[in-house]
Amino acid sequence: MFLFPYRSVLCLICAFVSSLCLMPLWIRYLKNKHYHQIIRDNGPRTHLEKPHTPTTGGLIIILCISLSVLLFAPLNAYLILLLLALWGFGLIGLVDDTLKIKKQHSTGLYAKSKYIFLSLLSLLLLVGLYYLLPHSHHFQFIPFLHQALPIGFIGTLIFGYFAL
């Protein structure tokens with residue numbers, strides 16, 4: 001018997017409609033405040049045709065997704081971990097965009113800094129996921145061997161880090 005995922009569909013519709021309604025207001029606000037993406041001079045010519053494109057639009061998308069998930073989905077530890085991932089990666093993007101706006105330059109976070117922050121967040125999320133999963137899931141299936149090998153805590157972190 002197939003159960004229709006009505007909560008998922010309601011969540012999707014709510015997030016989509018709310019972002020469609022809020023995004024034009026957010027773009028207008030950003031344009032009035034002159035918060036826009038700085039385009040590099042040595043970039044592609046197609047990028048030079050779109051100066052003053054507002055940045056930080058992901059903030060509204062993340063907010064709409066979060067609100068619709070909190071409205072329609074039953075909260076559990078996995079969902080909280082998923083929302084932490086969404087907000088954590090979004091926060092890194094927001095810091096990057098904010099630095100671009102403040103410096104009035106096309107570089108926000110340095111690539112090394114961004115990589116370190118993304119890696120630390122990924123490892124923290126993997127630790128949380130490791131402790132949430134039942135111990136029977138701490139195995140990795142190897143397709144050619146047709147076996148599941150126990151990988152433990154360190155193996156989970158290594159495999160999960162490279163899988164992300």
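**A salt-bridge network around helix H4**

The side chains of lysine 114 and aspartate 96 meet in a salt bridge, with an N to O distance of 3.2 Å. Lysine 114 belongs to helix H5 and aspartate 96 to helix H4, so this pair ties together parts that lie 18 residues apart in sequence. The model is a predicted one, and it holds two salt bridges. In the other pairing, the side chain of aspartate 96 meets that of lysine 100 at 3.6 Å, N to O. Here the partners are four residues apart within helix H4, which means that about one helical turn separates them. This fits a general feature of the α-helix: with 3.6 residues a turn, residues three or four places apart point the same way.

It is worth looking at how much of each partner is accessible. Aspartate 96 is buried, with a relative accessible area of 8%, and lysine 100 is buried too, at 14%. Lysine 114, by contrast, counts as partly exposed, at 28% relative accessibility. Through shared partners, the salt bridges join Asp96, Lys100 and Lys114 into one network.

Helix H4 itself deserves a closer look. The helix covers residues 77-103, and at 1.5 Å a residue its 27 residues should span 39 Å; the C-alpha atoms at its ends are 39 Å apart, so expectation and model agree. At the N-terminal end, asparagine 76 acts as a cap, with a side-chain oxygen 3.0 Å from the backbone nitrogen of tyrosine 78. After the helix comes glutamine 104, which has a positive phi, near 55°.

Besides Asp96 and Lys100, the buried residues of H4 include Leu79, Leu81, Leu83, Ala85, Gly88, Ile92, Asp97 and Ile101. The buried residues of H4 pack against two helices, H3 (58-72) and H5 (111-132). Helix H5 thus appears both in this packing and in the salt bridge from lysine 114 to aspartate 96.

Further along the chain, phenylalanine 139 is found in strand S1, which comprises residues 139-142. Phenylalanine 139 is partly exposed, its relative accessible area being 40%. Leaving aside residues up to four places away in sequence, phenylalanine 139 touches Ala148, Leu149, Pro150 and Ile151. Phenylalanine 139 and threonine 156 are 17 residues apart in sequence, and their C-alpha atoms are 8.3 Å apart in space.

Methods. Residues are numbered from 1 along each chain as its sequence is written. This is a predicted model: local features need pLDDT of at least 70, side-chain atom pairs count only at pLDDT 80 or more; totals for chains, interfaces and linings use all residues. Side-chain values use heavy atoms; hydrogens and water are left out. The expected span of a helix is 1.5 Å times one less than its number of residues. Buried means under 20% relative accessible area, exposed over 50%, partly exposed in between (1.4 Å probe, protein chains only). Contact means heavy atoms within 4.5 Å. A polar contact is a pair of N or O atoms within 3.5 Å; within protein, one must be able to donate a hydrogen and the other to accept it, and residues adjacent in sequence count only if both atoms are side-chain atoms. A salt bridge is a side-chain nitrogen of Lys or Arg within 4 Å of a carboxyl oxygen of Asp or Glu.
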